[in-house]
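Let's take a walk through this structure together, one piece at a time. Keep the 3D view open while you read.

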Amino acid sequence: MFSNAKLNEKIAFALLKVAMAMVIAFVVIILYDIISNGYGILSIEFITSAPRKGMTQGGIFPAIVGTTYLIMGSMIVALPLGILAAIYLTEYAQPGKTTWMIEMAINNLAGTPSVVFGLFGLAIFVKYFGFGDSILSASLTLALLILPIIIRASQEALLTVPKEYREASLALGVTKWETIRKVVLPAAIPGVVTGAILGVGRVAGETAPILLTGAAYFYPRLPSTIFSQFMALPYHLYVLATAGTNISQTRPIQYGTALILLLLVLFVNVIAVTIRSHYRKKLKR
Amino acid sequence: MLNRNIKEKGIESLLFAAGATAVIALFLLCIFLFREGALLFENYPVSSFLTDTKWLPTATKPQYGLLPLLLGSFVVTVGSILFSVPLGIASAIYISEIADPKIANVLKPVTEILAGIPSVVYGFFGLVILVPIVQKTLSLPTGQTALTGSIMLGIMALPTIISISEDAISSVPRSIKEGSLALGSTEWQTIYKVTVPAALSGISAAVMLGIGRAIGETMTVMMVSGNSAIIPGFPSGLFESVRTMTATIALEMGEVPQGSDHFHALFAIGSVLFITTFIINIIANYIKRRYRFSL
């Protein structure tokens with residue numbers, strides 16, 4: 001009986017190990033495939049020149065610029081809004097119906113599919129406000145999409161600021177807002193930055209929302225105003241991999257685009273995780 | 001002093017307004033989504049939308065039947081859950097209960113890489129690598145099947161399931177586990193009879209959120225599941241090409257004239273999708289809050 005239980009344990013632990021190994025294998029295989037196949041095409045020319053000959057040659061510069069604009073545009077809107085909302089929720093809000101509603105709305109926005117955000121952006125920004133298929137429409141749509149991420153990260157950061165900081169400042173006769181601005185917020189900056197960085201990663205990778213709000217199949221000029229259409233890395237990869245007659249011919253460019261996108265997103269995530277764990281350790285001390 | 005109070009009040013109102021943006025955004029999202037979707041029903045009865053078995057938006061007599069797309073999403077999601085739930089929970093148990101803490105600290109960020117990879121990159125990988133594998137191993141006419149979509153979505157749902165389950169499992173108080181071990185149970189008996197049941201609510205929330213992620217995913221399924229709008233059989237449908245609600249919206253929106261029935265039908269699909277994920281989110285958050293372990 002006893003040895004039976006021991007045997008069962010051995011089998012069970014072995015199976016758990018296999019499951020874990022499979023998950024790690026997925027990570028390794030996907031990264032290896034993209035990196036090993038995309039590495040060869042990367043060059044200065046690839047990231048600084050426009051696509052040529054029906055996108056079968058040349059680089060991906062306009063897509064990089066487009067994605068950069070989207071990141072800037074959505075951050076300008078979502079970052080201040082998200083931080084202010086987080087300050088309200090952690091420092092001012094009293095438990096009650098209103099706070100519950102805000103929390104619920106954030107949770108649900110976080111779980112809403114990105115393509116639904118795309119539809120919303122299309123209905124409200126492109127059509128209703130008449131911004132058309134443009135950087136502006138797409139940036140605003142993405143800003144709403146990452147708002148929950150930024151609020152959550154900032155809230156977490158504000159909550160980790162010790163109560164004593166606030167009390168010490170308030171005891172000196174400093175007002176609540178001055179305390180938040182000069183004491184609490186500076187202490188929470190690393191966490192807030194982490195949230196912002198995670199948001200950048202998300203904006204860089206999203207495809208469905210921009211597909212509906214202004215990403216162009218091919219737009220070799222650089223966007224001149226916020227009302228221009230634009231190319232973007234994830235949509236460019238989608239287009240090259242699924243449309244047109246030269247899918248197999250452009251495979252290296254596809255891998256190159258996927259690699260740039262992957263590097264951008266992973267780089268951003270590594271920075272975010274590093275900042276976060278660094279400050280979590282510091283806080284525990 | 002009075003001035004200072006006015007300033008403080010003003011700032012509080014401003015901060016409240018920022019907090020309220022989330023509510024306003026969700027409210028506007030419902031209004032705009034449902035309004036555009038409802039316009040379909042001026043020309044096309046709701047009952048047909050819900051019960052027609054065909055999605056033929058470009059036929060001379062167009063049919064906007066939700067069923068093939070709803071069932072397409074269903075098959076792909078069920079497939080992905082069958083694959084990712086056991087794998088995800090097993091990995092979570094391994095990370096929190098078995099692995100050396102030092103190794104666990106490496107395993108966690110590695111699994112989180114999966115959450116960072118953009119969906120279009122998953123789609124691309126699936127299209128280039130997995131689709132040919134599925135076609136060859138099962139000798140199917142095409143490798144772009146529900147199964148392929150399920151596997152890719154399963155991989156994408158893994159980090160959500162692992163990190164939330166892991167949280168739940170490692171928050172089970174040590175005293176409970178030690179009690180079980182002291183009674184002579186093996187570690188494994190303790191895990192599956194004590195620890196996992198105690199963490200079950202957190203694990204269920206993880207599964208719900210994983211389902212939500214799978215239903216709402218667009219680019220990956222669109223690139224690897226073939227996109228035929230036919231009612232899938234189950235389980236035979238797993239090996240055929242299917243089209244999900246999300247893929248339909250993303251595929252067709254570019255080609256429809258704004259304001260047409262087809263345009264509104266896509267918003268109606270989006271509304272169904274939104275309501276589905278909304279309900280899933282509510283349930284997940286409810287479970288998470290209701291049964292949070294407290295000792």
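**A walk through two chains**

Let's start with chain B: of its 295 residues, 52% count as buried. Keep in mind that what you're looking at is a predicted model. For chain B the mean pLDDT is 90, with 97% of the residues at 70 or more. For the complex, the predictor reports an ipTM of 0.92 and a pTM of 0.92.

What is chain B built from? It contains 12 helices and 2 strands. If you trace chain B from the N terminus, you pass two helices, then two strands, and after that the run is helices to the end. Put a box around its C-alpha atoms along the principal axes, and you get roughly 75 × 75 × 35 Å. Now look at the contacts in chain B with a separation of 6 or more: 76% of them link residues 24 or more positions apart.

Some stretches of chain B carry a label from a database. In an unreviewed UniProt entry, "transmembrane region" is annotated at residues 12-34, 66-93, 113-134, 146-169, 190-215 and 263-287 of chain B. Let's pick out two of these. Residues 113-134 of chain B are 91% helix and 0% strand, with 25 Å between the end C-alpha atoms. Residues 146-169 of chain B are 100% helix and 0% strand, and here the end C-alpha atoms sit 32 Å apart.

Over to chain A, which has 11 helices and 2 strands. Its elements begin at the N terminus with two helices and two strands, and helices make up the rest of the order. The box for the C-alpha atoms of chain A comes to roughly 70 × 70 × 35 Å along the principal axes. Of the 285 residues of chain A, 50% count as buried. Among contacts in chain A with a separation of 6 or more, 76% are between residues 24 or more positions apart.

Chain A has its own UniProt labels: the unreviewed entry places "transmembrane region" at residues 12-35, 60-89, 109-129, 135-153 and 253-275. Residues 60-89 of chain A are 97% helix and 0% strand, and their end C-alpha atoms are 42 Å apart. Residues 135-153 of chain A are 100% helix and 0% strand, with 26 Å from end to end between C-alpha atoms.

How is chain A split into domains? The assignment gives domain 1 (2-41) and domain 2 (44-284). Taken over C-alpha atoms, the centres of these two domains of chain A are 32 Å apart. They do touch: 7 residues from domain 1 and 8 residues from domain 2 of chain A take part in the contact. On the domain 1 side, that contact has 4 nonpolar, 3 polar and no charged residues.

Now bring the chains together. How many residues of chain B are in contact with chain A? There are 65 of them, and they meet 69 residues of chain A. Helix α1 (residues 2-38) of chain B gives the most to chain B's side, with 19 residues. That side of chain B has 43 nonpolar, 17 polar and 5 charged residues.

Finally, look inside. The largest nonpolar core has 185 residues, and those with the most contacts inside it are L119(A), L147(A), L261(A), V121(B) and F124(B). Zoom in on L261(A): leaving aside neighbours within four places in sequence, L261(A) is in contact with A204(A), G205(A), L233(A), P234(A), L237(A), P118(B) and V121(B).

Methods:
Residues numbered from 1 in each chain as written. Chains lettered and ligands numbered in written order. Predicted model: local features only at pLDDT ≥ 70, side-chain atom pairs only at ≥ 80, totals over all residues. pLDDT = per-residue confidence, 0-100. UniProt positions renumbered as here; feature names shortened; annotations may be inferred. Helix = DSSP H or I, 4+ residues; strand = E, 2+ residues; numbered from the N terminus. Contact = placed C-beta atoms within 7 Å. Nonpolar A, V, L, I, M, F, W, Y, C, P; charged D, E, K, R; others polar. Core = buried A, V, L, I, M, F, W, Y, C linked by C-beta atoms within 7 Å. Buried ≥ 20, exposed ≤ 12 C-beta atoms within 10 Å, placed from the backbone. Domains from an automatic or database assignment.
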